[in-house]
Amino acid sequence: STPLYSSAASDVYKRQLFNKDLSVLIAFPSGKEGHYTTPNGTIKIAANSFSSSISLTSVSLNHGISRIEPGTFAYCTNLETIVIPESVTSIGYRAFENCPNLSNLILPKNLTSIENDALNYCDNLTSITLPQGLTHIGDRVFDFCNQLENIYVSQNNSIFSSLDGVLFNKQATKLVYYPAIREGPYTIPEGVSSIGRGAFSECNELTEVHFGTSVTSIEEWAFISCINLKKLYFYGNKPKTSYGEISDDPQGAIAYYKLGTTGWDSNFSSSYIVGIPTIGWHPANNYNSWIANYPAIDTQSGFNDDPDDDGLSNGLENLWGTDPTSPSLSLKVLETNENSISFTHPSMLPYAYLEASYEWSTDLREYYTQGAQSNDGSQSIKLTTETLPYTVETTTVTATPNDPTNTDNLFVRIGVKQIL
């Protein structure tokens with residue numbers, strides 16, 4: 001009978017398992033070290049055939065191979081470089097999963113499809129260029145690529161585009177993927193209407209996102225596991241959302257929506273049990289642009305004016321997002337005892353041009369900052385603030401004397417000033 005399988009005869013391919021005519025590589029020895037080149041005539045590499053070859057550092061695939069099968073190079077933890085021929089048109093599910101040293105990956109121009117999870121956990125991949133023929137990118141393709149900074153796209157690609165290294169559809173109306181390593185805030189470009197499934201997943205250094213008026217939908221898991229994402233600013237009506245779109249741990253995140261827009265309620269996200277709390281605000285770059293939202297106050301529009309006679313200056317109303325034309329019962333004493341006093345006020349809105357401070361006094365004449373000693377050295381006060389998760393509308397302030405027995409009166413005031 002004719003054998004169905006063959007181990008390649010030459011020393012170069014020794015111990016690799018092929019079918020009889022060497023057209024299909026079935027299995028690769030996981031202990032083989034260094035570089036490997038598939039022999040001419042190979043047209044197929046079996047799924048998982050190189051999986052967990054931890055000593056393999058580089059691979060050259062011969063022309064004629066049309067597909068990298070699922071799991072082919074998964075867990076090749078020392079693989080640094082792979083040469084993929086132009087004959088390859090698809091990369092399968094988990095094909096390069098957990099190749100943390102893979103840094104040199106050039107995709108062939110005829111590639112049309114990258115399937116789910118194909119490149120996740122490729123920690124050393126810093127940039128990638130998607131070729132002109134690519135028409136499909138699966139879910140979680142770049143998840144846990146923690147060094148990925150830029151995703152570029154061939155200008156001749158008819159499906160995808162790249163703006164500043166961020167992946168969009170060709171028309172730039174849908175944000176498909178945001179590189180994981182980027183830090184700080186990000187503003188969704190105007191014209192983008194949709195945030196794709198998992199688009200910002202695992203972006204651990206992302207701190208805030210600004211959504212323009214054009215954003216109308218956010219797909220599932222769009223911001224999952226963005227552990228430092230604390231502020232989301234929405235300038236238009238509430239987008240349509242899906243299950244789990246923001247995070248698997250939304251604690252501490254706040255969604256700010258522009259007052260006057262529609263669809264908002266006390267929670268933005270449907271993630272798990274508890275959604276992200278929302279706060280309405282007037283977007284403003286300075287005090288004058290904020291106070292312009294209240295033309296009725298006319299001659300009492302100064303920073304220190306109090307047109308509604310509620311004891312709160314316009315500056316404080318700006319800081320807290322309260323209405324300067326309508327009296328507000330913003331301060332509420334929670335508890336007083338021989339050791340401390342606690343009260344609440346509306347949480348401070350994130351206006352960069354405002355700076356707030358707390359000061360204490362025992363006589364309403366001399367005021368001191370947190371922790372400072374009085375002029376006679378007899379007293380100091382510790383001031384602490386706390387905003388509980390999911391109750392972001394209010395902040396609790398507690399004043400605790402260093403020596404409670406030496407305090408007959410205790411006063412705390414809140415100040416605000418403009419940063420010009």
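This tour proceeds through a predicted model, one selection at a time.

**Confidence**

Begin by colouring the model by pLDDT. The protein averages 89, and 91% of the residues score at least 70. Then select residues 8-14, where pLDDT stays under 50. For this stretch the model has 11 contacts beyond four places in sequence. Where pLDDT is low, the predicted coordinates should not be read in detail.

**Strand β16 and its partners**

Next, select residues 166-169, which form strand β16. Are its two faces covered or open? Both are covered. Val-166 and Phe-168 on one side are buried, as are Leu-167 and Asn-169 on the other.

Add residues 160-163, strand β15, which pairs with β16 in the antiparallel sense over four bridges. Within this pair, Asn-169 of β16 stands opposite Phe-160. The two strands form a hairpin, with two residues between them. Select Asp-164 in that turn to find a positive phi of about 55°.

Now extend the selection to residues 174-177, strand β17. This strand runs antiparallel to β16 and is joined to it by two bridges. Which residue of β17 is the bridge partner of Phe-168? It is Leu-175. A hairpin is formed here as well, with four residues between β16 and β17; Ala-172 in the turn has a positive phi of about 60°.

**The nonpolar cores**

Select Phe-73, Phe-96, Leu-130 and Phe-142 together. They have the most contacts inside the largest nonpolar core, which has 44 residues. The elements that give two or more residues to this core are β6 (56-60), β12 (127-130), β14 (150-153) and β17.

Centre the view on Phe-142. Leaving aside neighbours within four places in sequence, Phe-142 is in contact with Leu-119, Ile-128, Leu-130, Leu-148, Ile-151 and Tyr-177. Another core, of 30 residues, lies apart from the one that holds Phe-142; to locate this other core, select Leu-312, Tyr-368, Ile-381 and Val-397, which are among its residues.

**A three-stranded sheet**

Finally, display β28, β29 and β32. They make an open sheet in the order β29-β28-β32, with antiparallel pairing. Which strands lie at the edges? These are β29 (368-369) and β32 (411-418), each of which pairs on one side only. Select residues 354-361 to highlight β28, which pairs with β32 in the antiparallel sense over eight bridges. To end the tour, select Glu-359 together with its bridge partner in β32, Arg-413.

Terms used:
Residues numbered from 1 in each chain as written. Predicted model: local features only at pLDDT ≥ 70, side-chain atom pairs only at ≥ 80, totals over all residues. Heavy atoms only, no water. Buried < 20%, exposed > 50% of the residue type's maximum accessible area, 1.4 Å probe, protein only. Pairing = 2+ DSSP bridges. Core = buried A, V, L, I, M, F, W, Y, C linked by side-chain atoms within 4.5 Å. Contact = heavy atoms within 4.5 Å. pLDDT = per-residue confidence, 0-100.
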